Amino acid sequence: MKIAIVCYPTFGGSGVVATELGLALAEKGHEIHFITYKQPVRLELLSKNIHFHEVSVPVYPLFHYQPYELALSSKLVDMVKLHKIEVLHVHYAIPHAYAGYMAKKILAEENIHIPMVTTLHGTDITLVGNHPFYKPAVTFSINNSDVVTSVSKSLKDDTLHLFDIKKEIHVVPNFIDIPDKKPFTDCQRDMMASKEERIITHVSNLREVKRVKDVVEVFDRIQKKIPAKLIIVGEGPEREACERLCSKKGIEEKVLFLGNSNEIDKILCFTDLFILPSEKESFGLAALEAMACGVPVISSNAGGLPEVNINGVSGFLSDVGNVDEMAENALIILASDESLNKFKNQAIEAAMVYDTKKIVPLYEKLYKAAIQQKGTTN
Ligand code: GMT
């Protein structure tokens, strides 16, 4: 199949999922066209079957806001015609589903009927999409997609609860390539900590919804009981407040802020425990990435996290904000090498449910069905 993928190319779960999906589909022989404003971060090498088309928005002083959606719709129209694309897969409803719908309508005028698959990722529904400013347009573009998917059952329930949705929503969870992971190899852990120290990691865009200060609170409680280091990966608005909190607690020497990284695997391979205490999380791809590398997870029980992090198996779940319980559970995992190894193995086992090989065919099936219907929605 010839598939166009629209996504956010920057750091963030939805862009990572879209990129990994494109790469996996290309590997299976499909022709993949990424259409976005910048080369996606994880799309380092343009390989066989992978194409990238940049959407440029010329700056015009009359516009206070440059019309990205318009440029994206136009680019989609041109690329569909030029490359005879058969299906359009948009990741994150805002504004991609809206721009995709416009492209569909423009193409229909020329008797080209292209089906659009929209994947809902989380904040496009729970935080941003639900805002009254966007809600009518988001509802419209979901209802006018040919196929709608959500990355967890929890997100499907939220979408049906928050919006007036007339379409069926298929749950297609996020996925991870397990065979590539070598969790127990030597991976330069000595650079980060001494032998007796446990390494605890958090990866996110450090936005308020991630509750990064809770990560510091949990770590503070852990380091009072056992020798430990904390690595915080990512950039975002909460970084400064967290740095200040570390200084206030006198633990700044034990906490390393690494900024954005393309080498999450290298960090995870020497990590003993991953913390994700988010307020909302439709799936928690970062937790799955950790588990696939054999890292147990302490997380909140928000949104789709209980579908990924299995309580008492791959780690533990607690109510949002319950940092005392999170620290107690972390200490259970880190208590001994025996306990840690048990949780490490269980984490990999639990991640296997989301193996790329199991999930990608679900998308292929939906594409085929959509193409057969020839994008008949409106
Ligand atoms: O977590 C973020 O803020 C980034 C966001 C995104 O759009 O990139 O992540 C969302 O999509 C990921 C991939 O499907 C999910 O794993 C995250 O749970 C989801 N984030 C939220 O729901 C807050």
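Biologist: Let's start with the strands. Which residue of strand 3 does I35 stand opposite?

Modeller: Bear in mind that this is a predicted model. Strand 3 covers residues 50–54 and runs parallel to strand 2, with five bridges joining the two. Across from I35, the residue in strand 3 is H53.

Biologist: And on the strand 1 side, what is the bridge partner of A4 in strand 2?

Modeller: Strand 1 takes in residues 2–6, and five bridges join it to strand 2, again in parallel. Within strand 2, A4 has as its bridge partner H33.

Biologist: Is strand 2 largely enclosed or open, and why?

Modeller: Strand 2 is made of residues 31–36 and is joined by five bridges to strand 1. Another five bridges join strand 2 to strand 3. Five of its six residues are buried, so the rest of the structure leaves strand 2 largely enclosed.

Biologist: On to the ligand. Where does it lie with respect to domain 1 and domain 2, and why?

Modeller: Domain 1 is 2–175 + 356–377, and domain 2 is 189–354. Both of them give residues to the shell around the ligand, so the place of the ligand is between domain 1 and domain 2.

Biologist: How many residues surround it, and which element gives the most to that shell?

Modeller: The closest residues are S14, H121, R207, K210 and E281. By type, the shell divides into five nonpolar, 10 polar and four charged residues. The ligand is surrounded by 19 residues, and the element giving the most, with three residues, is helix 1 (residues 13–27).

Biologist: What is the distance from an oxygen atom of the ligand to an N or O atom in the side chain of K210, and how much of the ligand does the protein bury?

Modeller: There are a few polar side chains to look at here. N174 has a polar side-chain atom 2.9 Å from a ligand oxygen, and for an N or O atom in the N205 side chain the distance to a ligand oxygen is 3.0 Å. For K210, the distance is 2.6 Å. The ligand alone exposes 480 Å², and the share of that buried by the protein is 94%.

Biologist: One last residue: is L305 buried or exposed?

Modeller: L305 sits in helix 11, residues 305–308. Going C-alpha to C-alpha, L305 is 12 Å from A351, with their positions 46 residues apart in sequence. Buried means under 20% relative accessible area. The relative accessible area of L305 is 0%, so L305 is buried.

Technical notes
Residues are numbered from 1 along each chain as its sequence is written. This is a predicted model: local features need pLDDT of at least 70, side-chain atom pairs count only at pLDDT 80 or more; totals for chains, interfaces and linings use all residues. Side-chain values use heavy atoms; hydrogens and water are left out. Buried means under 20% relative accessible area, exposed over 50%, partly exposed in between (1.4 Å probe, protein chains only). Helices (H or I, at least four residues) and strands (E, at least two) are DSSP runs, numbered from the N terminus. Two strands pair if DSSP finds at least two bridges between them. A residue is near a molecule or strand if one of its heavy atoms lies within 4 Å of it. A polar contact is a pair of N or O atoms within 3.5 Å; within protein, one must be able to donate a hydrogen and the other to accept it, and residues adjacent in sequence count only if both atoms are side-chain atoms. Accessible areas come from the Shrake-Rupley method with a 1.4 Å probe; for residues, only the protein chains shown count as cover. Ala, Val, Leu, Ile, Met, Phe, Trp, Tyr, Cys and Pro count as nonpolar, Asp, Glu, Lys and Arg as charged, and the others, Gly among them, as polar. Domain bounds come from an automatic or database domain assignment.
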